[in-house]
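Reader: Could you take me on a close look at a single part of this model, the sheet? I would love one connected account.

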Amino acid sequence: MGFLADSLSRIKPSATIMLTQMARELKAKGKDVISLSVGEPDFDTPDNIKEAAIAAIRRGETKYSPVPGIPELREAVSQKFKRENGLDYKPSQVIVGTGGKHVIFNALMATLNPGDEVICVAPYWVSYPEMVALCGGTPVIVSATQAHDFRLQPEDLERVITPRTKWIILNSPSNPSGAAYSRAELKALTDVLMRHPQVWVLSDDIYEHLTYGDFEFVTAAQVEPGLYDRTLTMNGVSKTYAMTGWRIGYAGAPERLIKAMDLIQGQQTSGTSTISQWAAVEALSGPQDCIPRFKTAFQRRRDLAVSMLNQATGLKCPTPEGAFYVYPSCAGLIGKKTPGGKVIATDEDFVMELLATEGVATVHGSSFGLGPNFRVSYATSDEKLEEACRRIQRFAASLT
C-alpha cells in the first residue's frame, strides 16, 4: 500500500506556477529576467479598498466568518449580479471562497461522481482539467482553434456532449487566449445546451471587466435565462480590482448547489478571511473608478504586444477581446535551430529556450491544451513589456 493518494497520479503541476518559479529562481541568481508568465495585475489595490480592510481590523472584524461568507459580502455580490449582469441571485444563493479556484473546486467536488464528464474548451486555464480529475471526473477536451479566434463552435460542442456530460466550463474572456464570446456567439452555444438538460454550465467570469473597445460582456445565464437553474456564475475581485493576494472568489447558483458547496467548505477551509471579505464589500459597492483606469492601461499594453509580436519572425499573434493575455502561434518556428544547434521541436522548447537565452518567461501553449502557441501576460509595465517583446523578436530572428 502506497503512502500517497492514487488521485495524485491523475494530475500535473501547474505550468504557469512552474514557469513563474523558474523565472524567480533565475532572477535570484542574478539573471536579468522579465516575467510574462503570471496572470497578476501589476497595479496596487486601490486605496479605498485597503482602507476598508484597515477599518475592519480596527472595528475588531477579526473573528471566524460564516462558512459561505459574511452577510454584507453575500448581499454585495447579490447586488453586483443584479446591477451588472441582470441576474437575480438572493444572498442565500451566493457563496464566497478563498479565490475563484477554490469556488470552482468546491463546485466540482460537490457534484462529480466517477464517470461524470466535464467539457473543457482548449485552450483552457491549466487548472480546469486537473481539478476535474482530482474530483474524480473525466475532463473532455474540445478545441477552439485559432481559425475560429479561439472560440468554441456550436457543432463542436454538440459533438462532445454525451449522456455522461455533467458540466461545461466556459471562460470568457479566456485565460490563456483573451478570446471572448459576443452575445450572438454565446447564444449559439447556449442553444445547444438547452437541448441537453443534464449539462450544467460553470461560467468563469473572472475577467469580466477587462474587455476592450466596444466589446460587450455577457454571461451564460444572462443570455439564456432557461439555463439559470443549472448554471454556476463564478467571479472574484482579483483581476478587476488588483486584489490577487486578498484571495476572494464568489459565485451565484441554485441554492441546492450552494448548500452542497457550503457543506464541503465547512469541512475544508471554513470561512474566508474576514478582513479580505470586508475589503471585497468595498470593492464591489464602493467607487469603480479604478476599472476604466486599469482597462485603458491594459488595452494599450495589448496593442503594444500584438504589434511587436506580429513583427517577430515566424510568429502570428491575434488581437484578443479581453483579459490580459495574448496567445501567439510559434508554428513558423517549429523545426528551426538555435545558434547553439538545439532544435525547437515544440512550443515548450521555444518557451524554455527563450527563458534560458533571453530571460523572458512565458508559458507554452501545450500546457493549455492547444499549441504550438505560447501565452504572454501583458500585466506588467509598458517598459518591461516593450523590452520583453524586443527580446522575443531577437530570439525568433536568431533561429535558422
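**A walk through the sheet**

Author: Happily! M234 stands opposite A251 in β8, and that is a good place to begin. This is a predicted model, in which local features need pLDDT of at least 70, side-chain atom pairs count only at pLDDT 80 or more, and totals for chains, interfaces and linings use all residues. Residues are numbered from 1 along each chain as its sequence is written, and side-chain values use heavy atoms, with hydrogens and water left out.

Strands β7 (residues 231-236) and β8 (residues 249-252) pair in the antiparallel sense over four bridges. Here strands are DSSP runs of E with at least two residues, helices are runs of H or I with at least four, and both are numbered from the N terminus; two strands pair if DSSP finds at least two bridges between them.

The open sheet has seven strands with mixed pairing, in the order β2-β8-β7-β6-β5-β3-β4. At its edges stand β2 (94-97) and β4 (138-143), each with a single partner strand, so one side of each has no neighbour in the sheet.

Now for β5 (residues 165-171): six of its seven residues are buried (under 20% relative accessible area, 1.4 Å probe, protein chains only), so this strand is largely enclosed by the rest of the structure. β5 pairs in the parallel sense with β3 (residues 117-122) over four bridges, where E117 has T165 as its bridge partner. Five bridges join β5 to β6 (residues 200-204), and these two strands also run parallel; in β6, V201 is the bridge partner of I168.

How values were computed. Buried means under 20% relative accessible area, exposed over 50%, partly exposed in between (1.4 Å probe, protein chains only).
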